[in-house]
Amino acid sequence: MALVFGRDAVLEQAWGALVRSEPVLLTGPAGIGKSVLWRELLGRARQAGWLVLTCAPAESESSLALAALADLLRPLAAQVADLPGPQRAAAEAALLTASVGDAVDERALAAATRSLLDAAAASNPRVVVAVDDAPWLDPASERALNYALRRINGWAILVSARSEAATRTPLDLDRLAVPLCRIEVGPLGAGALHHVLRDRLEVTFSRPLLSRIVRDCGGNPLLAMELARAVLRLPQLPSPAEDLPFPATMTSMLADRVSALRAACREAIRLAALLSVANLRDLQAAGVDLSDLDAAEDARLLSVTESTVHFSHPLYAAAVRAGMAAGLRRRLHRRLADVVADPDERARQLAQCATAPDAAVAAELEAAAGRQRRRGAPQIAAGLYGQAARLTPPDSPADQGRRRLAAARCLYDSGDYRAAATAADQVAEESSGDRLAEALLLRAEVAWSADEPLAVPAETGERALAAASAASPLAGRIHAYLSMFHDSPERARRHAEAACKLLADTAPGDAELLSGSMLQLFYNEIRSGHSPRLELLDRALALEENRPSWLAGTIPAVWWRSIDEHDLARTRLHDMLDQATALGDEPWQHELLCHLGETELVAGRYDDAARTITAARELGEQLGTGLVGETMLAGQVDAHRGDVERARKVAEAGLRRAEAVDDPWARRIHLGLAAFTALSDGRADDAAETYRALAAEADAAGLAEPLSQRFEPDWIEACAAVGDLATARRVLDRLVERHERLPRPWTTLGLARSRALLAAAEGGDAAEAVGRLEEARAAVPPHLLPLDRARCLLVAGVVQRRAKRRRLARSALEEAVAEFAAIGAAAFERRARAELARIGAGRTPSSRELTATEQRVAHLAARGQTNRAIADALFISPKTVEANLARVYHKLGIASRAELGAAMARRGETDR
């Protein structure tokens with residue numbers, strides 16, 4: 001290992017950060033000594049007994065899919081067999097331990113990377129993941145490492161990167177959960193460079209000359225050595241008045257060094273520089289005598305191992321390539337193409353030596369692109385497809401169009417949406433018929449994924465449909481996409497129906513698309529106001545074969561959530577989340593977390609909802625989503641928990657964004673949040689007006705049944721509070737229509753609550769209305785809708801108070817307070833307490849008097865029943881039982897359940 005000079009402070013800073021499990025990034029210009037520090041730190045780690053996983057990609061390897069990742073994971077190859085199926089297949093393909101069949105999913109590979117690293121951490125006291133020259137990582141390796149490093153804690157991470165090559169922080173180290181230790185490796189002084197030159201070149205210079213070298217090289221050790229070599233080649237040392245023989249650029253410097261070598265050595269170096277991986281087999285096949293490399297190795301331009309040649313610095317290989325004349329370079333590429341063993345390397349070499357369209361070369365490039373695509377390297381595949389298209393003869397427009405479209409598709413698959421959009425547009429401009437339809441469909445997919453205005457994917461998809469052959473499988477596929485792109489339920493329904501017809505007789509491989517189309521048809525029929533066709537849902541689910549469609553996999557969960565079958569929705573979403581996690585599909589994970597968070601919110605599990613939505617937001621930030629839905633859901637959690645001010649700000653910001661981009665869906669969800677926040681905050685007039693705007697938006701979109709929005713009962717409550725009974729009655733009719741079309745627990749409770757409020761406001765029979773309200777509450781199990789059930793108690797208390805039935809009012813309100821407190825609905829708990837305070841004069845019960853619910857709970861508990869049994873018997877939740885028992889203990893002056901029977905007996909209440 002080379003000695004390290006002048007870097008003691010940097011080494012201690014970096015090592016201390018690694019010991020603390022803080023990621024370390026070494027940055028600085030090329031040649032400043034980052035790699036030397038990197039290797040020294042890894043030497044310390046090995047001496048300390050750490051497991052060291054490393055890769056040091058070179059510029060030439062950046063086009064080799066997964067080369068860097070394979071180097072890093074190779075020490076863990078024995079653990080690949082323990083991975084889940086999709087992850088195992090991806091890891092074996094990356095490590096080249098198995099043949100590649102189907103295309104390797106990059107997401108499964110990323111998940112496999114994380115699993116292997118987790119396994120390494122479990123079996124080793126400390127692990128360090130180290131990447132030298134990170135900007136040269138091939139894209140597939142970089143994405144897999146990005147995924148894994150964001151999800152590991154307590155690890156040491158060491159990365160180096162040239163500051164001039166990095167446009168962003170390598171591997172997103174600045175977005176990890178722990179702070180990044182960024183160390184800028186600075187220039188060395190004269191003393192340190194003196195030791196470097198003496199150690200590496202076995203030469204010492206006078207202090208004045210050394211000072212000039214230090215000045216001219218800017219303290220860069222690599223440049224200092226090159227400059228020192230140039231000085232040593234002079235017939236005599238330069239005088240103080242003479243300029244140092246410093247070449248203008250590194251390229252010219254390396255050219256000078258290479259030109260000083262024998263012709264055979266120069267040719268061997270050039271051939272090595274032109275190979276992606278300079279393996280000895282290919283060099284010998286190209287006519288290189290390995291002894292020809294000795295002089296270059298002696299000059300420390302490169303090193304020769306048992307199987308490969310490594311340049312001492314990435315700049316060396318690049319400088320050698322840049323110094324070659326174009327004709328010479330093409331001839332050497334041709335020679336390599338004729339002898340290399342790897343077909344992908346042959347295709348690359350052929351592409352570099354071709355000067356005109358060549359059908360054979362284009363075909364080889366296309367085949368290589370297909371192999372890279374199947375290996376899970378779409379970005380590299382896109383480049384190869386692009387080269388194949390450029391080398392396709394002009395008399396083969398079909399081949400050229402196919403290759404250009406494949407390149408655009410690979411750009412999309414790699415996440416380069418901007419480039420994919422440009423490429424798809426270019427193909428569309430030069431195509432017609434089905435090729436045009438394919439290009440336009442791809443452009444619509446890009447627009448949908450990139451969060452362009454909703455009109456863009458819908459309109460572009462319609463253009464694709466118009467260009468496609470009528471009644472073809474392609475037309476069916478476009479119809480399926482359009483059923484997702486359109487916000488209008490009726491238009492989406494028609495497209496889904498057409499897709500189902502056209503895809504009904506397609507191959508089994510298209511079953512996923514047909515299943516998704518059926519689910520879209522089921523979903524949009526309901527949104528349009530049709531009765532749910534459950535047999536269609538069953539057929540779609542059967543067709544899935546436990547592989548939910550990307551197009552509509554969440555629709556069954558949305559449906560079950562909308563009818564308050566929360567357990568079914570939760571189970572499906574968790575199953576899908578497990579599949580997405582195994583595949584490493586983060587966009588899908590993000591969508592599923594959002595739906596899970598909304599499910600827990602509707603179910604009244606606010607802590608679970610908050611955790612899940614927070615996870616969705618964190619993942620959304622990493623993915624670069626617009627954070628629209630998850631931020632709104634976080635605002636809903638805030639509103640339900642009582643932080644109405646924060647929720648109000650979320651609603652206002654969301655509405656501003658929705659207006660700016662004209663997004664009707666975003667406008668609807670944020671109007672719902674704004675209205676609910678206003679109602680929770682006691683601003684009934686604002687709530688009523690906002691609910692009116694929300695209803696108008698839903699009606700304009702043709703949403704007869706907005707499954708995820710349940711706003712009518714709250715709208716009625718707001719109208720009743722401001723005395724607008726005429727509007728309240730009209731909204732009640734709207735709610736009745738929704739209930740009759742599709743009875744659900746929430747509509748049952750919402751109708752009873754609304755009718756009780758209107759009866760009280762209009763002077764009707766409050767007792768009858770409250771009786772029906774209690775019946776409706778008893779009909780809904782407490783675990784389904786705890787908030788809605790508690791709000792029924794709040795309304796009952798308000799109605800009883802207005803009817804001067806203070807004791808009944810107090811009992812209902814105290815129960816409401818307890819139930820709101822049990823689920824953490826702070827805003828409604830405050831409202832219930834405020835209503836209690838308004839009961840005013842009359843017989844004030846003793847602070848030790850038990851409410852009716854407390855008496856019933858205490859009576860059953862004294863008989864030895866469990867909290868669950870009491871909850872089932874009284875149609876309340878176990879948390880409400882706990883809250884009631886706590887108040888009973890306090891009022892009776894006891895500390896445990898064991899004392900309850902005697903205490904109740906003393907009060908004469910055991911048989912009540």
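User: What makes up the lining of the largest cavity by class?
Analyst: The lining has eight nonpolar, three polar and one charged residues. Ala, Val, Leu, Ile, Met, Phe, Trp, Tyr, Cys and Pro count as nonpolar, Asp, Glu, Lys and Arg as charged, and the others, Gly among them, as polar. Arg150 therefore counts as charged, and Gly154 as polar. This is a predicted model, where local features need pLDDT of at least 70, side-chain atom pairs count only at pLDDT 80 or more, and totals for chains, interfaces and linings use all residues. Residues are numbered from 1 along each chain as its sequence is written, and side-chain values use heavy atoms, without hydrogens and water.

User: Why is Trp155 called a lining residue of the largest cavity?
Analyst: On a 1 Å grid over the protein atoms alone, a cavity is a set of points where a 1.4 Å probe fits but cannot get out, and lining residues have an atom within 4 Å of a point. Trp155 is listed in that lining, so Trp155 has such an atom.

User: Which helices supply the lining of the second largest cavity?
Analyst: Helix 39 (786-802) and helix 40 (806-823) each supply at least two residues. The lining includes Pro786, Arg789, Glu819 and Ile823.

User: What makes helix 31 mostly covered?
Analyst: Buried means under 20% relative accessible area (1.4 Å probe, protein chains only), exposed over 50%, partly exposed in between. In helix 31, 13 of its 14 residues are buried.

User: How do you know that the span of helix 31 is close to the expected one?
Analyst: The expected span is 1.5 Å times one less than the number of residues. Helix 31 (residues 628-641) reaches 20 Å from its first C-alpha to its last, close to the 20 Å expected.

Conventions: Helix = DSSP H or I, 4+ residues; strand = E, 2+ residues; numbered from the N terminus. 1 Å grid on protein atoms, 1.4 Å probe; cavity = no way out; pocket = protein on both sides within 12 Å on 5 of 7 lines; lining within 4 Å.
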